[in-house]
Structure formats: C-alpha cells, structure tokens
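Okay, thanks for coming, everyone. Let me put the structure up and we can walk through it together.

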Amino acid sequence: MLEKAFKGGQKYWSLLLGLAILSGVGFACFMLQLNQGLKITGMSRDVSWGFYIAQFTFLVGVAASAVMVVLPYYLHHVKEFGRITILGEFLAVSAVTMCLLFIIVDLGQPMRLLNVLLHPTPNSILFWDMVVLNGYLFLNAVIGWTVLSAERKEMPPPKWVKPLIYVSIPWAVSIHTVTAFLYAGLPGRHFWLTAIMAARFLASAFASGPSLLILLCFLIRKRTNFDPGPSAIEKLSKIVTYAMITSVFFLLLEIFTAFYSKVPGHMHGFIYQFAGYEGHGELVPFMWLSVILSVTALILLVPPQYRNNEKLLKLACLAVFFGLYLEKGVGLVVTGFIPNVFDKVTPYVPTAPELAITLGVWATGFLIMAVLYKVAIGVKEEIRA
C-alpha cells in the first residue's frame with residue numbers, strides 16, 4: 001500500500017516539500033542545540049520545562065482523541081464512523097510521534113533516553129509515560145495498517161487485531177492520564193496540584209483532537225474524491241460540543257477553588273496568566289485570547305442550528321483547537337513554575353531556535369500524517385472504484 005504515497009499531483013508534492021523544508025530547518029536548529037546545549041532556549045534553572053514539553057502535553061491529548069472514533073465504531077457499532085476511523089488512528093500515529101520527538105529535543109542529550117530502558121524505574125511516572133506512549137504508537141500503527149490492508153483486499157481483519165483494538169481504548173485514556181499525573185504528582189507546584197488534572201486533560205483532549213479531525217475531514221473532502229460522510233462529522237461535532245463544555249466547566253472549578261479558598265499558591269498562577277504577576281504578564285494576551293476563542297466556540301457549538309452549519313462548524317473547530325492549544329500548549333506548563341517555590345518570578349519566553357525546532361517537529365508530524373492519509377485515501381478510492 002505504501003506505493004500510493006508516491007503517487008500524487010503537484011499540490012501534494014509541494015506540500016511534502018514545504019513540510020520537509022520546515023523539518024530540515026528545525027533539525028538544523030536542533031543540531032545547534034545539541035552542540036551548544038539548552039542554553040539557546042529560554043529555559044532556566046527556575047523554568048526547566050518550557051515550550052517543548054507544553055507542545056508534548058497538548059499533542060498527547062490530540063493523540064488520545066482517536067478513541068472518540070474507535071470506541072463508538074468497534075464497541076457500539078456506530079457505522080457512520082467506519083470511514084474515518086482510519087483517519088483518527090493515523091492522526092494518533094503522527095501526534096504520538098511528535099510527542100516523542102518533543103521529549104527528545106527537551107532532553108538536551110537524546111542518548112539519555114536509553115537510561116529509561118537500561119535503568120527502568122517503575123515507581124516513576126516518567127517510566128510509565130514512556131511505556132504508554134510507545135505502546136499507543138505501536139497499537140495505532142499496527143491496527144490502522146492491518147485493518148486498512150484487509151479492507152483493500154475486501155476481507156475481514158485478522159482475528160488477532162480485535163484484542164488490540166479493545167486494548168487501545170483504555171490505553172488511549174491512559175496516555176493522557178499518566179501525562180496529567182506528571183504534573184499533579186508534584187506537591188511543590190501548586191498550580192498543577194489538583195485532583196482533577198487528569199479529568200481536565202481528557203476533557204480538553206476529547207474536544208481538541210476531534211475538532212482537528214473534523215477540519216481534516218473537510219479538507220480531505222475538498223481536495224480528494226473521498227467523502228468522510230456528513231453523518232460522521234455531525235456526530236463528531238456533538239462529541240466536541242460536550243467535551244468543550246466539560247473542559248470549560250473544569251477550568252471554572254479550578255478558578256473557583258483557588259479564589260474562594262484564597263490559597264496564595266493556587267491563586268498566583270491564575271493571576272499571572274490573566275493579569276500579570278509582579279509586573280510580568282508574558283502570557284496575559286494569549287490567555288485572554290484563549291478565553292475569547294473558547295467562548296466563541298461554545299456559542300457556535302451549543303445551538304444545533306449553528307453547529308449544523310458547515311461554515312460555522314469550521315470556525316467553531318478552529319476556535320476549539322487554538323483556544324485549547326493556548327491553554328495547554330502555551331499557558332499550562334510555564335505557569336506551574338511562576339512564581340517559583342520562593343515566590344520569585346523568572347520570566348520565560350521561547351527563543352528563535354526553540355520556536356524553529358518546535359515548528360520543525362510539527363512539520364515532521366504533519367509530513368507523516370500527509371503520507372499516511374495519502375495511503376488511506378488511496379485505498380478508500382481504490383475500493384470505491
């Protein structure tokens with residue numbers, strides 16, 4: 001099936017070339033970082049997790065969202081999702097690949113990854129994060145490719161795939177839950193010290209990931225002869241709506257708990273995000289933009305007459321994706337370090353090389369997704385022909 005990735009028009013090859021160039025620029029900057037160390041980033045002793053880990057955190061949610069099409073299709077026999085299940089699984093493959101790449105670039109010395117394998121520490125959340133991420137990548141790659149191959153041959157998938165599919169469903173929940181535990185298990189970081197961190201992560205994941213999948217479905221329908229089906233998009237939009245409502249509700253719970261209890265450690269993070277703290281307000285415009293996008297998304301998603309309008313649904317999905325990206329991919333991680341345990345502020349702003357490496361990783365992930373989607377859509381079109 002891989003031969004289908006080598007057949008495409010000028011726009012397809014231009015896309016691949018553009019993504020490859022961005023990946024190359026990111027790799028060149030990573031070589032600079034490898035030579036000079038993490039000092040070329042904006043991170044410091046006080047802010048040891050920055051833009052890289054923030055991207056990793058957000059993308060774990062995008063990867064976990066594949067379960068929103070796998071679970072209804074395989075467990076509840078929602079046939080409308082049959083056309084897009086493979087798209088969700090291949091989206092998960094590219095998202096998890098980006099997650100692992102962001103961990104590698106954040107380590108400074110990639111060889112340190114071997115320590116996790118050579119000196120495993122099962123009492124460490126980081127160890128289990130490695131297990132669930134690599135396991136989820138393996139599951140989605142094997143399931144997606146095997147099912148697509150069987151579909152091409154017009155045969156039922158092998159029986160051994162079914163257990164893997166059932167295992168992948170709770171596994172999807174586990175990857176974001178374990179990632180949330182990385183934060184919620186640190187008692188010295190009050191902003192992250194909350195019992196509903198994992199629930200917040202899952203709610204935002206089940207909104208941001210499916211919203212991206214909806215946008216990809218619209219793009220595929222426009223650029224190819226493959227139609228994911230209006231019914232599948234309609235059902236996905238309902239999932240996005242309820243997940244987004246839940247995500248906003250959980251955030252409001254956090255804000256209420258922090259300010260009603262008036263615990264300084266819990267309030268300072270939100271003050272820094274939305275008003276600035278001790279003259280430092282680097283995140284203020286981004287966090288208010290996140291609020292505006294989230295409110296706009298809810299206004300467009302909750303009324304059925306707006307949600308069923310294709311143009312408004314596209315706007316709503318863009319608002320959901322970028323609103324949650326600003327909340328998790330920009331604000332969540334850095335805020336946990338500001339102020340530090342001594343109530344001092346060390347500002348953090350990502351540097352140009354840091355941003356270039358980040359863009360390179362995103363480009364690599366989308367390059368993988370473009371190739372996988374080309375194969376999947378090619379098989380779907382071949383079957384229909």
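I'll go through the pockets, then the cysteines, then one serine.

Before anything else, keep in mind that this is a predicted model.

So, pockets. Which residues lie nearest the centre of the largest pocket? Those are Tyr12, Leu15, Leu219, Arg223 and Thr224, out of a lining of 19 residues. The space in there comes to about 730 Å³. If you want to find the walls on screen, look for helix H1 (10–36), helix H8 (197–223) and helix H14 (352–384), the elements that each give two or more residues to that lining. H14 gives the most, with eight residues. As for chemistry, this lining has eleven nonpolar residues, plus four polar and four charged.

Now over to the second largest pocket. Its volume is about 560 Å³, and 25 residues line it. Nearest the centre you'll find Ile103, Leu113, Val116, Leu126 and Met130. Five helices give two or more residues each here: H2 (51–64), H4 (85–107), H5 (113–118), H6 (125–152) and H7 (161–184). Which of them has the largest share of the lining? That's H6, with six residues. Sort this lining by class and you get 17 nonpolar, five polar and three charged.

Right, cysteines, since somebody always asks about disulfides. How many are there in this model? The count is zero. Take Cys217: the nearest cysteine sulfur belongs to Cys317, and that sits 9.8 Å away. A disulfide here needs the two sulfur atoms within 2.5 Å, so that pair doesn't qualify. Look at it from the other end and it's the mirror image: for Cys317, the nearest cysteine sulfur is that of Cys217, at 9.8 Å. And are these two buried or exposed? Cys217 is buried, at 0% relative accessibility. Cys317 is buried too, with a relative accessible area of 0%.

Last stop, Ser247. You'll find this serine in helix H9, which covers residues 230–261. Its relative accessible area is 5%, and the cut-off for buried is under 20%, so Ser247 counts as buried. What does Ser247 touch, if we leave aside its neighbours within four places in sequence? The contacts are Ala203, Ser204, Leu324 and Glu327. Two of those names, Ala203 and Ser204, fall inside the 197–223 range of helix H8, and H8 is one of the helices lining the largest pocket, which we started with.

That's my tour, so over to you.

Notes
Residues numbered from 1 in each chain as written. Predicted model: local features only at pLDDT ≥ 70, side-chain atom pairs only at ≥ 80, totals over all residues. Heavy atoms only, no water. Buried < 20%, exposed > 50% of the residue type's maximum accessible area, 1.4 Å probe, protein only. 1 Å grid on protein atoms, 1.4 Å probe; cavity = no way out; pocket = protein on both sides within 12 Å on 5 of 7 lines; lining within 4 Å. Points joined across faces, edges and corners; volume = space filled by probe spheres on them. Helix = DSSP H or I, 4+ residues; strand = E, 2+ residues; numbered from the N terminus. Nonpolar A, V, L, I, M, F, W, Y, C, P; charged D, E, K, R; others polar. Contact = heavy atoms within 4.5 Å.
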